[in-house]
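Hi everyone, thanks for making time. I'd like to walk you through one model today, going from the whole chain down to a single sheet. Let me put it up on the screen.

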Amino acid sequence: MHVFRRLAPLRQGPPGLNVDFITTRGSLARILNVLSGNVGGKVNKWTLLATRFRGTVYLSHIEDDRTDKELPPYVQKVCYWGKRFEVEITKAPTQTTSLLGSSSAPPPENEVKRHGPFDAYPGFYSVVRFELENHRIALRAEIDAQTKENPPSNYLELKVATQNIISAPDPQIFNQKRLVPWWCQSIVSGTPRIVYGIRDYDGHVKSIEQVKTDDIPDRVGQGNLNKDKYLLFLSKMLSWIKEIVCVEDVAAVYTFQWDSNTPGRGVTATARDASSFLPEWYVNEMNRK
């Protein structure tokens, strides 16, 4: 995780970083999504690894080992459309490529090489420190774009949704499959606004909308997204994880798993024999007197 290079210089003397958890936005968003029964409307299960080092619990998601080119062809297209939307909407005003997928001139060769079909537009990572009840948390969040205001109030999350899901007869389809997962991502990273393109099945963006993160609970209804209930659930989950990951040893790794296809099972925890997922250079730096 890129967060390690940001956190190492923040060490407050020999004891450590003075935080209870170090993780990523995605890890906390996955825990929040347990209440809605889906993870971003796409993946219905996840695995998190946890270890304790110098008084802090490190929580990391196990990523899919498949590369973009190993995904099914249509999934590759959808990934490309989403990433290309990020490229187009963050271009300087003098650049002329249309959001509808056409352009007034062929893209420069270096642009094709840079963005490719599977390389996202270069963004940046923000390291956020905050408290949730009695938990002190530091997390890494990928920021898609920003406006000219001061961070983090200028951070933007960029998304794409299909016309069919937005115009579905039941608005709760869009609310549950898109707005709730988007809120789970943005609320933990302090991203105040989400800008989303509305595309057809050929990948052409027909219009662009935006929504404030804080407005989503009222928009989808408290029965579908109660902010206090979700954050309390996250706090209780972190307390549970903290109790289980009690051994102060980077070689002691615990696995936390959830699968929506096993109703009533909930999140499970097991100890596993595995090497540390913390980089060796980071452990050495943090142990340096």
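Let's begin with contacts: among those in the protein chain with a separation of 6 or more, 65% are between residues 24 or more positions apart. Do keep in mind that this is a predicted model.

Now the overall numbers. The protein chain has 289 residues, and 42% of them count as buried. Its accessible surface comes to about 15,400 Å², with 51% of that belonging to carbon and sulfur atoms. As for secondary structure, the chain holds nine helices and eleven strands.

Let me zoom in on one sheet. Here four strands form an open sheet in the order β6-β7-β8-β9, and the pairing is mixed. Which strands stand at the edges? They are β6, residues 145–146, and β9, residues 205–212. Each has a single partner strand, so one side of each is left without a neighbour in the sheet.

Follow β6 inward and you meet β7, residues 155–162; the two pair in the antiparallel sense, over two bridges. In that pairing, Gln146 stands opposite Tyr155 in β7.

Next, the helices that go with this sheet. Helix α3, residues 73–89, packs on it and touches β7, β8 (193–199) and β9. The direction of α3 makes about 125 degrees with that of β8. Then there is helix α6, residues 172–189, which lies across β7, β8 and β9. Relative to β7, α6 runs at about 160 degrees.

That's my tour, and I'm happy to rotate the view for anyone who'd like another look.

Methods
Residues are numbered from 1 along each chain as its sequence is written. This is a predicted model: local features need pLDDT of at least 70, side-chain atom pairs count only at pLDDT 80 or more; totals for chains, interfaces and linings use all residues. Side-chain values use heavy atoms; hydrogens and water are left out. Buried means under 20% relative accessible area, exposed over 50%, partly exposed in between (1.4 Å probe, protein chains only). Contact means heavy atoms within 4.5 Å. Accessible areas come from the Shrake-Rupley method with a 1.4 Å probe; for residues, only the protein chains shown count as cover. Two strands pair if DSSP finds at least two bridges between them. Axes are lines fitted to C-alpha atoms, for helices over the stretch in contact, and angles run from 0 to 180 degrees between N-to-C directions.
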